[in-house]
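Q: Could you take me through one part of this structure up close? I'd like to see how the packing works on the inside, step by step.

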Amino acid sequence: MKKRARKQLVRFIVNSVGSFICCSLILGISMLLFFHGLNMTEEMMKRRALLTFSNIIFLSFLFTAQDLLRSYLGEKRQVKRIMKGVESITRGDFSTRIEPFHPLELFNQYDEIIDGINRMAAELESNESLKKDFISNVSHELKTPLATISAYCEILQDPTLSEEERKERISMILKSVRKLSLLVTNILRLNKLENQEISIRSVSFDLSARLADSILSFADKCEEKGVGIEADVKDDVYITSDPDLLDMAWNNLIANAVKFTDRGGRISVSLMEEESEVKVVVADTGCGISPLAIGHIYDRFYQGDTSHKTEGNGLGLALVKRILEMTEGQIEVESQEGKGSSFTITLPKNS
C-alpha cells in the first residue's frame, strides 16, 4: 500500500508540474504580447489588451483541447489494450500478460488495473497447470489397476486354470480394487478438505486413547510385514480439536511408515504434552527421504521412492498437511536416506 501511495504521489507531482508549465507558458506569452511596445496610445493599448485577452483565451483553449485529445486517445488506447488482454484470458490463454503503459514509478489507475489482471492471470495459469497435472496423475493412477483387473479377468476365463491359480488371480484383482477404492476415497476427502466442505467438529477428547487405537489398528500389518512397532504415549492427554480428522492424519503417517520400512525395521509413535500444545512423533527406520524430495512430499501424487509406488497413490501426506492447516497444527520432517524419517506434529491443546 505504501509503494502504491508513493506512485500516486509521484504521478500527482508530475501532472501538477506539467500543468504549471503550461499555465506559465500561456501567461508568459500573453504578457509579452501585452507589454510589447508600451509607448502606445490609449486606444492602441485597449486594442492590444483585447488582443492579448483573445490570445489568452485561444491559447488556453488550444492547450485544453490538446490535453483532452491526448487524454482521450491515451485512455482509448489503454482501454483497448486492456480489453484485448482480457478477451485473450477469457478464451483460456492464461499465459497472457498485459504490458503496463508507464514505468513503475509513474503508474496510473489503468496500470494498476493491468497489474491486477496480470496477477489474476498468473494465478489462473498456476491453477490450470495444477488441474492438468492432477488429471494426468489421476488418469495414470486409475489406468494401472484397471489394466491389472482387466488382464486377470481374462486369465480367469481360462477353463484349464487350477483352483490355486484362480485364487491367486482373484487376490490380485481384489488388491487392485482396494487400491482404486483408496484412491477415489482420498481424492474425495482431499477435495472436500480443500473446498472446506468438511467443517471442523471441535470437541474435547482423549488424544492418548485415540492415538493408541490407531497404533493398534496397524499391529497385524506390522506383524505380517515383520516390522516392529513401539508406542510411547502419555496417558490422559486431552485436547480440543476434531478427533476424526486427526485420526485420518495419524493413520496416513503410520501407514506411510509401515510402507517404507523393510522387514526387521522399527516404527515408533510417541505423544508428548507441553503447557499449551502437544507433540506427536511418528518415526521409522525405513528408506528415508532425499533432500530434493523433502520439498515435494506434501504435493499431490508425489512419490519420492518409486520402488513403493504400487503400495500408495501419493495423496496421504497431502491429506495430512491439509488436515493440520484446518486444525491449526504444524508438521515437520527430519529424514536421512537409508536411515529413516521422523514426522513431528504439533497441535494446540485448544484449537
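A: Let's start with a word we'll need: a residue counts as buried when its relative accessible area is under 20%, as exposed when that area is over 50%, and as partly exposed in between. Keep in mind that this is a predicted model.

Try the word out on helix H4, which covers residues 163–194 and holds Val-184. Arg-169 is found in H4 too. Its relative accessibility is 18%, so Arg-169 counts as buried. Val-184 has 42%, and therefore counts as partly exposed. Setting aside neighbours within four places in sequence, Arg-169 is in contact with Tyr-152, Ile-155, Leu-156 and Leu-161. From C-alpha to C-alpha, Arg-169 lies 9.1 Å from Ile-149, with their places 20 residues apart in sequence. For Val-184 and Leu-142, the gap is 42 residues in sequence and 9.2 Å in space, again C-alpha to C-alpha.

Now zoom out for a moment. The chain has 9 helices and 7 strands, and 33% of its 351 residues are buried. If you take contacts between residues at least 6 apart in sequence, 70% of them join residues at least 24 apart.

Here's the part to look at closely: the largest nonpolar core, with 36 residues. The members that touch the most other members are Leu-207, Leu-246, Trp-250, Leu-253, Phe-343, Ile-345 and Leu-347. Two or more residues each come from helices H5 (207–216), H7 (243–259) and H9 (316–326), and from strands E4 (266–273), E5 (277–284), E6 (330–336) and E7 (340–348). H7 gives the largest share, 9 residues.

Pick out Leu-253 on your screen. Not counting residues up to four places away in sequence, Leu-253 touches Val-282, Leu-317, Val-320, Ile-331, Phe-343 and Ile-345. There's also a second, separate core of 9 residues, with Tyr-110, Ile-114, Ile-117 and Ala-121 among them.

Back to H7, and how H9 packs against it. The axes of these two helices, H7 and H9, come within 9 Å and cross at roughly 145 degrees, and the crossing is left-handed. On the H7 side you'll find Leu-245, Leu-246, Met-248, Ala-249, Asn-252, Leu-253 and Asn-256, which meet Gly-316, Leu-317, Leu-319, Val-320, Ile-323 and Leu-324 of H9. By class, that contact has 10 nonpolar residues, 3 polar ones and no charged ones.

H9 itself has 9 of its 11 residues buried, so the rest of the structure largely encloses it. The buried ones are Gly-316, Leu-317, Ala-318, Leu-319, Val-320, Arg-322, Ile-323, Leu-324 and Met-326. Just after H9, look for Glu-328, which takes a positive phi of about 65 degrees.

H7 has another helix to deal with: H5. The axes of H5 and H7 come within 10 Å and cross at roughly 40 degrees, so the two helices are oblique to each other. This crossing is right-handed. From H5, Leu-207, Arg-210, Leu-211, Ser-214 and Ile-215 take part, meeting Pro-243, Asp-244, Asp-247, Trp-250, Asn-251 and Ile-254 of H7. The residues here divide into 6 nonpolar, 2 polar and 3 charged.

Technical notes. Residues are numbered from 1 along each chain as its sequence is written. This is a predicted model: local features need pLDDT of at least 70, side-chain atom pairs count only at pLDDT 80 or more; totals for chains, interfaces and linings use all residues. Side-chain values use heavy atoms; hydrogens and water are left out. A nonpolar core is a set of buried Ala, Val, Leu, Ile, Met, Phe, Trp, Tyr and Cys residues joined through side-chain atoms within 4.5 Å. Buried means under 20% relative accessible area, exposed over 50%, partly exposed in between (1.4 Å probe, protein chains only). Helices (H or I, at least four residues) and strands (E, at least two) are DSSP runs, numbered from the N terminus. Contact means heavy atoms within 4.5 Å. Axes are lines fitted to C-alpha atoms, for helices over the stretch in contact, and angles run from 0 to 180 degrees between N-to-C directions. Angles under 35 degrees count as roughly parallel, over 145 as roughly antiparallel, 65 to 115 as roughly perpendicular and the rest as oblique. A crossing is left-handed if the near helix is turned anticlockwise from the far one by less than a right angle, and right-handed if clockwise. Ala, Val, Leu, Ile, Met, Phe, Trp, Tyr, Cys and Pro count as nonpolar, Asp, Glu, Lys and Arg as charged, and the others, Gly among them, as polar.
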